[in-house]
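Here's a protein chain to look through together. Turn it around on your screen for a while, then read on.

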Amino acid sequence: MILIRQVGGRWRLLVTLFGALSVSCATPPAPRSMPEATPEVQAPVSIPTPIPAPAPPKEIRIAAVGDIMLGGTATPELRKFGYDYPFEQTQGILKQAQIVFGNLEGPLTDGGKPATSKQYVFRSPPEKVAPALSRAGFNVVSLANNHTLDYGPEGLADTRAALDRAGIGYAGAGRNLAEARRPLYMVVDGVTVAFLAYSLTFPEEFWAGVDTPGTAFGHERFVRADVKAAREKADIVVVSFHWGQEGKTELRDYQVQLGHAAIEAGAAAVLGHHPHILQGVERYRHGVILYSLGNFAFGSYSNTATRSAIALLTFRDGRWQELRLFPLNVKNAEVVFQPRALAGPEASQMVGHLQQLSLQHGTVLENHDGSAVLVNDGG
Ligand SMILES: [Zn+2]
């Protein structure tokens, strides 16, 4: 199933305007007889051809956050404060983007059977979480992760149904491998963006097979073929990977290899998840790789997942233009499942940390008033 969806109010407005136009065009004015033109002989004059004004560049912004899981130990607080509460402090940043993306780490279901092979299984109430995500601005999530089948195929089916009802797109999991590998296409202000998502994390039985449900495994040959095919239909291709080691800033070699492969095949941005903490940024060829976005609103009191960021990516005429990372406090002992933007010296400290991590990949981030910025100067 290829989903082509319209997002944002502008598209709807356009549809409304077209609707109004077509109504006014339905009753054309009665024809009037035109006065006959008097023929005149004139010396030929050269009339300069008007130069059409260049079309304004089409600029779109994509916000990307880390892992989202609105269950687990957050459940008592969410029942008390409501499911919009986790996003209240970050709305100002998320609302700057037409597309808001995150990794949905766990099924939205009240049913299914918990996986017996795992230490931690997550689920959260679909009728609460999906509408709250939509109200917060999320319109696309990755389902390619190591929790998607925590409540079996039924849990995955419930998740997809809940997201469909809330108007949120998804990529990276499905009833079979072909479905899991299929891109999600979104059209924003005339720009087509494709999302692909892959998981490289265990358990292996969560990876979709030819006839079995699950996540898309990130084989390099899948990634190259899927990105290339998506790029033929989309102006911008974004690839999400669930990969790396939990709690480590060091990358696995395969992260670099796959991140580069995705860009080489035509992706403009690669967004990584799973380590629960931030990893570095790499500018590679025409694209940008964010190796791990850390946690976002996540139902655990982890002492390692304390700092994170929201990424705001700007594209102009289909080309990645700027990355801006807003540092966040996600230490739940302090923020109680409500990520908060850092300011002042705390923000600058995080920018310094990101600068250090990114320098290992030869990428220099700038500190602009407490956010980490990378501009694509086309070089
Ligand atoms: Zn994970």
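What follows is a short tour of this predicted model, from the whole chain down to single residues.

**The whole chain**

Let's start with the big picture. The chain has 379 residues, and 48% of them count as buried. Its secondary structure comes to 10 helices and 19 strands. If you take contacts between residues at least 6 apart in sequence, 72% of them join residues at least 24 apart.

How far can you trust what you see? The average pLDDT is 89, and 87% of the residues score at least 70. Residues 1-39 are another story: pLDDT stays under 50 there, and the model has 20 contacts beyond four places in sequence for this stretch. Where pLDDT is low, the predicted coordinates should not be read in detail.

**Strand 3 and its neighbours**

Now find strand 3, residues 99-104. Is it buried or exposed? Six of its six residues are buried, so strand 3 is largely enclosed by the rest of the structure. You can check this from either face: I99, F101 and N103 point one way, V100, G102 and L104 point the other way, and all are buried.

Strand 3 has pairing partners, too. Strand 2 runs parallel to it, and five bridges join the two. In that pairing, A63 has V100 of strand 3 as its bridge partner. Strand 4 (residues 140-142) also runs parallel to strand 3, this time with three bridges. Here G102 is matched with V141 in strand 4. To get from strand 3 to strand 4, the chain passes through helix 4, and this β-α-β crossover is right-handed.

**Helix 4**

That brings us to helix 4, residues 126-135, whose buried residues are P126, V129, A130, A132 and L133. Why are they on the same side of helix 4? They cover an arc of only 165 degrees around the axis, and that puts them on one side. There's a general pattern to keep in mind: an α-helix has 3.6 residues a turn, so residues three or four places apart point the same way. Helix 5 (152-166) is included in what covers the buried residues of helix 4. Just after helix 4 comes G137, with a positive phi of about 110 degrees.

**The nonpolar core**

The largest nonpolar core has 109 residues, and V237, V238 and A311 touch the most other members. Strand 2 (residues 59-69) gives this core its largest share, seven residues. What does V237 touch? Leaving out residues up to four places away in sequence, V237 touches A194, L196, V227, A230, R231, G266, A267 and A268.

**Strand 13 and a hairpin**

Strand 13 (residues 287-290) is covered on both faces. G287 and I289 are on one side, V288 and L290 are on the other, and all of them are buried. Strand 11 (residues 269-273) runs parallel to strand 13 and is joined to it by three bridges; in this pair, L271 has L290 as its bridge partner. Strand 12 (residues 281-284) pairs with strand 13 in the antiparallel sense, over four bridges. There, Y284 stands opposite G287. Strands 12 and 13 form a hairpin with two residues between them, and R285 in the turn has a positive phi of about 50 degrees.

**Loops with a twist in the backbone**

A few loop residues deserve a quick look for their backbone angles. Here they are side by side:

| Residue | Backbone angle | Where |
|---|---|---|
| D189 | positive phi of about 50 degrees | loop between strand 7 (184-188) and strand 8 |
| V336 | positive phi of about 45 degrees | loop between helix 9 (332-335) and strand 17 (340-341) |
| P203 | omega near 5 degrees for the bond from F202 | loop between strand 8 (191-199) and strand 9 (214-215) |

Neither D189 nor V336 is a glycine. Are they buried, exposed or in between? D189 counts as partly exposed because it has 14 C-beta neighbours inside 10 Å. V336 counts as partly exposed with 13 such neighbours inside 10 Å. As for P203, the peptide bond leading to it from F202 is cis.

One last loop: A343 sits between strand 17 and helix 10 (344-359). A343 is exposed, with 12 other C-beta atoms within 10 Å. A343 and P327 are 16 residues apart in sequence, and their C-alpha atoms are 8.1 Å apart in space.

Conventions:
Residues numbered from 1 in each chain as written. Predicted model: local features only at pLDDT ≥ 70, side-chain atom pairs only at ≥ 80, totals over all residues. Buried ≥ 20, exposed ≤ 12 C-beta atoms within 10 Å, placed from the backbone. Pairing = 2+ DSSP bridges. Core = buried A, V, L, I, M, F, W, Y, C linked by C-beta atoms within 7 Å. Contact = placed C-beta atoms within 7 Å. Arc of directions from axis to C-beta. pLDDT = per-residue confidence, 0-100. Right-handed = clockwise from strand over helix to strand, strands pointing away.
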